[in-house]
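Morning, everyone. Let's go through one model today. Have the structure open while I talk.

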Amino acid sequence: MSLLEVRNLEVDVDGKRILKGLNLTLEPGSVHAIMGPNGSGKSTLANVLAGKPGYDIVSGEVIFDGNVVNETEPEALAQAGLFLAFQYPVEIPGVSNMEFLKASLDNLHAARGDAQPNAVEFMKTVRSIAAELDLNPEFLKRGVNEGFSGGEKKRNEILQLLLLQPKLAVLDETDSGLDIDALQVVADGVNRFRSDTNTVLMITHYQRLLNYIVPDAVHVLADGVIVKSGGRELAEELEARGYAWLTN
Amino acid sequence: MAVEDLVPTEYSAGFVTDIESETLPPGLDESVIRFISAKKGEPEWLTEWRLQAFAHWQKMQEPLWAHVKFEPIDYNAISYYSAPKSAADGPGSLAEVDPELLRTYEKLGIPLHEQEMLAGVVKERPDVAVDAVFDSVSIATTFRDKLAEAGVVFCPISEAVHSHPELVQKYLGSVVPQRDNFYAALNCAVFSDGSFVYIPPGVRCPMELSTYFRINEQNTGQFERTLIVADKGSYVSYLEGCTAPMRDENQLHAAVVELVALEDAEIKYSTVQNWYPGDKDGKGGIYNFVTKRGACLGDRSKISWTQVETGSAITWKYPSVVLRGADSVGEFYSVALTNNCQQADTGTKMIHIGPNTRSTIISKGISAGRSQNSYRGLVRTSPTASGARNYTQCDSLLIGPGCGAHTFPYIENRNTTAIIEHEASTSKVSDDQLFLCQQRGIDTEKAVSMIVNGFCKDVFRELPMEFAVEAGKLLEVSLEGAVG
Ligand SMILES: Nc1ncnc2c1ncn2[C@@H]1O[C@H](COP(=O)(O)OP(=O)(O)O)[C@@H](O)[C@H]1O
Ligand SMILES: [Mg+2]
């Protein structure tokens, strides 16, 4: 069974059609990349998959792990194993990163009927993931994304990914704004996440990221539809030729 | 209903000044004040003091400047003295109490018999409630022994009038004068009871003093009066209120709290105010019109107010500090949360008189529903307050589109060497913040409470440990339904 199936998805935002019949299938354990010009609907797709309010699904279906999830609440999707790494992570002042991670993990465990993680073990795990991502432990005491640099915000998203261990990770331009060193750290994190069952949908504007995280398939999204799909080499072709030859 | 319940047992009209009577009919005049004073066996000076306040009150007006709206109060419709409640006064069982209130008790995990006490349920044959009362009496007794050992006086003010008349006479009305404001004057005239605390020189009070342990807590009434005196070099932390919403038959509450700190003394006063806010439309809630003020009389003395205000239909309250002693310190840390139709106009006054006096104001206002939440704060430095410093930070958080947040800072600086800093911010709980939380598996109700708790962190830090945890939980319950 596919982990994710998007069938003929049409989505309006503020009465404007943004996704115009999008199809996509992800098998468990696969890594797919979605590339496309700015404004083509990449973040819209990511947000719709995560159940963000304000997106009107006009027709089509999203099937996640065997269930139609068109109307599912975001927290229920998260509890079912869907994770979104945000393109622009927001700040929550005064709520410490550690506290937020604990609340998140506790809620996910509770929803699955699992026991609450032991607090000491939890802190150890978080600290070791932070170390792997080159994040100073002090940063766990700060407010969620509060005063973080762009790179810290993105690494914080990967920290959450590695802690929460979802089934599907949707990464929305996680590479943007990262220098080469940070990109390597983030890519290492994602590669660690990959497994026979853990699945990744990687949204990016640049093929650069794909040198670090090698995808099984590449799709080009333009004006709300997937106009071309292929293997790794498609990304290189895009790098050389740009998007124009596909969108015109 | 029993037949006797249908028969009125009190005079419906006419004035009874019979000292044996347990309840006065509504209305206020000199004879009522004499009655109250006689009932408590007060000395002549106090009777006269009350009468003088009453004379002032009659010439005063209700303040109209606060950013709150309510129907005029008929002061002649209030009964100014009632002995312990009779079965006819309160709801007969929890079934007669607002179900919303009961749900809140449940969420806070309050045992049934305590729910009955808090909701003012009066039973013909009290059963379990007796245990609870016995419990608190015995706790209170051990508590008192320990305090007595340290020389600390902690008793009802009605008792202190007899046991420590010189202290009461010296300090009563010394911080909040009778004519201070309309509600304070009324309180001076008719105050029911409250706490008296005296900490002798050099003594660090061995425990936190909590109104919870005060034996006569059940019947302090709507005109509570508290006086705390910290003698030279002493320290006391006082906790007022409780996190469970308290129901009361009396709509108007006009308390007065006076704090006096002598040389090198420190008073930390923490309040969790959670009076019944009324139903979703604000019906039946308490009007909380309180005057709280501390005087830092001695050099290097310190008074710190910390409050968490979540209850009442209307809150009108400005815990203040008069900084007389050189190098004295005043602090005000406040969280005021309003939901549904609640209205709060709250803040502080820091009056700098002595040299090098310092004050800090941290105010966090949270508005949800259709509520209105105002911060009103005065910082005044007099010409004598050389080197005075104030730092004010005043933040508002809005939840949803129907509420209002307002800030009214007043700065009166009469000393060129004083430094006054004011920072203010208004923010919203944003959809993107909520979505981030939801995406990480946290539902919106929990997310809002987490975001609000984060917003209040600087104030919660100031609360005594056990209060801080409860305060967080209280915000969560008070915000229920704030996000659709
Ligand atoms: N909240 C919104 N309201 C109106 N239009 C929006 C909104 N969000 C996105 N759009 C529009 O939808 C289109 C796709 O945006 P987006 O999905 O963010 O593209 P990408 O992530 O590929 O850059 C753009 O034309 C953008 O202007
Ligand atoms: Mg985007």
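**Strands, a metal site and a helix pair**

I'll start in chain B. Strand E17(B), residues 389-398, is joined to E19(B) by 10 bridges, and the two run parallel. Keep in mind that this is a predicted model. One register point for your viewer: Asp395(B) has Ser425(B) in E19(B) as its bridge partner.

Now zoom out to the whole sheet. What is the strand order? It reads E3-E5-E8-E10-E13-E15-E17-E19 in chain B. That is 8 strands in an open sheet, with parallel pairing. Which strands sit at the edges? Strand E3(B), residues 209-210, and strand E19(B), residues 419-428. Each of these pairs on one side only.

Over to chain A. Take strand E9(A), residues 168-172. How many of its residues are buried? 5 of 5, so the strand is mostly covered; buried here means under 20% relative accessible area. Both faces are covered. Leu168(A), Val170(A) and Asp172(A) lie on one side, with Ala169(A) and Leu171(A) on the other.

E9(A) has parallel partners. With E6(A) it pairs over 4 bridges. There, Leu84(A) stands opposite Val170(A). With strand E10(A), residues 199-204, it shares 5 bridges. In that pairing, Asp172(A) stands opposite Ile203(A).

Next, the metal. Which residues coordinate the magnesium ion, ligand 2? Ser43(A) through OG and Gln87(A) through OE1, at 2.1 to 2.3 Å. These two link distant parts of the chain, 44 residues apart. Ser43(A) is in helix H1(A), residues 42-49. Gln87(A) is in the loop between strand E6(A), residues 82-85, and strand E7(A), residues 92-96. So E6(A), which we just saw paired with E9(A), leads into that loop.

Are they buried or exposed? Ser43(A) has 22% relative accessibility, so it counts as partly exposed. Gln87(A) has 16%, so it counts as buried. The cut-off for buried is under 20%.

Last stop, a helix pair in chain A. H3(A), residues 97-112, and H4(A), residues 119-132, have axes that come within 11 Å. They cross at roughly 115°, and the crossing is right-handed. Which residues meet? From H3(A), Met98(A), Leu101(A), Lys102(A) and Leu105(A). From H4(A), Ala119(A), Phe122(A), Met123(A) and Val126(A). By class, this contact has 7 nonpolar residues, no polar ones and 1 charged.

That's the tour. Thanks for listening.

Notes:
Residues are numbered from 1 along each chain as its sequence is written. Chains are lettered from A and ligands numbered from 1 in the order in which they are written. This is a predicted model: local features need pLDDT of at least 70, side-chain atom pairs count only at pLDDT 80 or more; totals for chains, interfaces and linings use all residues. Side-chain values use heavy atoms; hydrogens and water are left out. Donors are N, O and S atoms within 2.8 Å of the metal (3.2 Å for Na, K and Ca); water is not among the atoms, so sites may look incomplete. Buried means under 20% relative accessible area, exposed over 50%, partly exposed in between (1.4 Å probe, protein chains only). Axes are lines fitted to C-alpha atoms, for helices over the stretch in contact, and angles run from 0 to 180 degrees between N-to-C directions. A crossing is left-handed if the near helix is turned anticlockwise from the far one by less than a right angle, and right-handed if clockwise. Contact means heavy atoms within 4.5 Å. Ala, Val, Leu, Ile, Met, Phe, Trp, Tyr, Cys and Pro count as nonpolar, Asp, Glu, Lys and Arg as charged, and the others, Gly among them, as polar. Two strands pair if DSSP finds at least two bridges between them.
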